[in-house]
Amino acid sequence: MMVRSQLTIRHREIVRGQHSKRRGSMALAAMMSLLVIIGGVALALDRLWIDGAQTELEAAVEAAALRGGQLLASDDLLRPDSDIDARLERARREAGRIAGENLIAGQPVELDLSPEGDVRFGRLVHRERTLENVFIETTDNPTSVVVRGLHSRSRNNPVATFLNSVSDNEGADVSALSEATIDNRIVGFQPLTGAPIPALPLAILREAREGDARESWQLQIEDRKGADLFGYDEQTGQVTDGPDGIPEIRLRSAVHRGNPEEANVHLFDVNGISTDEQLLQHMRSGWRDEDLPKNQNELRFHEKSRRQFDTVAGIHGPSPRVLKEQIGQCRILFLYDEFLPTDRSGAGRIRITQAVAGRVLSVNVLEDDGCELVIQPGVMTTRTAMLASNNDEPRAGRQKKRGPEDRSEQLSNRYIYRLQITN
């Protein structure tokens, strides 16, 4: 009996040992599986984290490129002593500031703002053989800006990951590139969702006849015969006293029962059926889809399309007050070459030939109920601008003997540019 009991006890101990070894093996296997799962999850989280950082960096460099491109088209282009180096330096600094306002993995985006760093300027050159637009770096009238974003171990600013804390990994390298270009081959405008055409419905006399004492855009602005009594600080957004190198034009509206042909500025209605309140809204914020003439979703203003519009009877009532609200804002303005009065109220029919840009500097209501404006030309960019196609080019410009640069010159608008991402 004792021998059998000892055998039984020994058998149980063996079985128990086998069970313990099995449990130990299973625990080890479970632990290894858990480590594999944790590692897999960590890798997946790191991948998502890096992908998110990539998206953030791409958005940051795109915003920086757009801001840099916007500053390539500044009022400085209208000054005879335009300082290209100062303009590029400001564009570079602003691109860096905008990038730094964006985050990558919770940290501000960093750009190298040295001249040979992450912000480069140049032009897009079309290669006929490959049908590609190639960026050529140059400071000779640049129209494109390329911004590179790089957070890497070589710069000591890699994107930190989950595995950094459990390995010798220093982090992940993330890079992005964006290119923005300005183009002033403008033939018209089209409102976009959430972006009305930034027009101020003022038509200015394009050119006065010989012996006509009225100030005109051609004489005062293009020929630079206008007074230079005011300035505009683009950085502070303030109108200043004293010259700034850009001439102004003084405008006088029509008055009731006066001679409307003595005016050199008219307020017009883009669709001919706007109420007074709608016209005031056009002055405040421009033209939306519903503001355009019936069955039209775009407006073209160039030599091939001389459009006619109805004007209102002078600039009075609440209109001068609304114009004062727009002081300093650069808006699309228009030039006319023909005005036909329709009654003695000062209203009429006007023919517009060209779109320009400028800002109201002062507004004064006169004793005869007329309105006097001082306007300075400006340079602006807008996504609502429509670029020329081959069909828009002048016939002479389509001749084979003329190169692309010659055609672009015929279509260029020195005041208005379209700004867009081009890569």
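This report covers a three-stranded sheet, a cavity and two residues of a predicted model.

## The sheet β13-β7-β19

Three strands make up an open, antiparallel sheet, and their order is β13-β7-β19. The edges are formed by β13, residues 299–300, and β19, residues 385–387, each of which pairs on one side only.

Strand β7 covers residues 186–189 and is joined to β13 by two bridges in the antiparallel sense. Phenylalanine 189 has leucine 299 of β13 as its bridge partner.

## Threonine 384, in the loop before β19

Threonine 384 is located in the loop between β18 (380–381) and β19. Its relative accessibility is 3%, under the 20% limit, and therefore threonine 384 counts as buried. The side chain of threonine 384 makes a polar contact of 2.7 Å with the side chain of threonine 382.

With neighbours within four places in sequence left aside, the contacts of threonine 384 include Gly188 and Phe189; β7 spans residues 186–189. Other contacts of threonine 384 are Gln190, Pro191, Leu192, Ala195, Pro196, Ile197 and Pro198. Arg418 is also in contact with threonine 384.

## Arginine 123, in strand β3

Arginine 123 belongs to strand β3, which runs over residues 119–127. Because its relative accessible area is 35%, between the limits of 20% and 50%, arginine 123 is classed as partly exposed.

Two backbone oxygens lie at short range from polar atoms of the arginine 123 side chain. That of asparagine 141 is 3.0 Å from a polar atom of this side chain, and that of aspartate 140 is 3.4 Å from one. Between the C-alpha atoms of arginine 123 and asparagine 141 the distance is 8.1 Å, at a separation of 18 residues in sequence.

Beyond its neighbours within four places in sequence, arginine 123 is in contact with Val134, Phe135, Ile136 and Thr138, among others. Its contacts also include Asp140, Asn141, Pro142, Thr143 and Ser144.

## The cavity

The structure has one cavity of 30 Å³ or more. The volume of the largest cavity is about 30 Å³.

Residues from separate parts of the sequence line the largest cavity: Ala254, Val255 and His256; Ala313, Gly314 and His316; and Asp368 and Asp369. By class, this lining comprises three nonpolar, three polar and two charged residues.

Notes. Residues numbered from 1 in each chain as written. Predicted model: local features only at pLDDT ≥ 70, side-chain atom pairs only at ≥ 80, totals over all residues. Heavy atoms only, no water. Pairing = 2+ DSSP bridges. Helix = DSSP H or I, 4+ residues; strand = E, 2+ residues; numbered from the N terminus. 1 Å grid on protein atoms, 1.4 Å probe; cavity = no way out; pocket = protein on both sides within 12 Å on 5 of 7 lines; lining within 4 Å. Points joined across faces, edges and corners; volume = space filled by probe spheres on them. Nonpolar A, V, L, I, M, F, W, Y, C, P; charged D, E, K, R; others polar. Buried < 20%, exposed > 50% of the residue type's maximum accessible area, 1.4 Å probe, protein only. Contact = heavy atoms within 4.5 Å. Polar contact = N/O pair within 3.5 Å; in protein donor to acceptor, adjacent residues only side chain to side chain.
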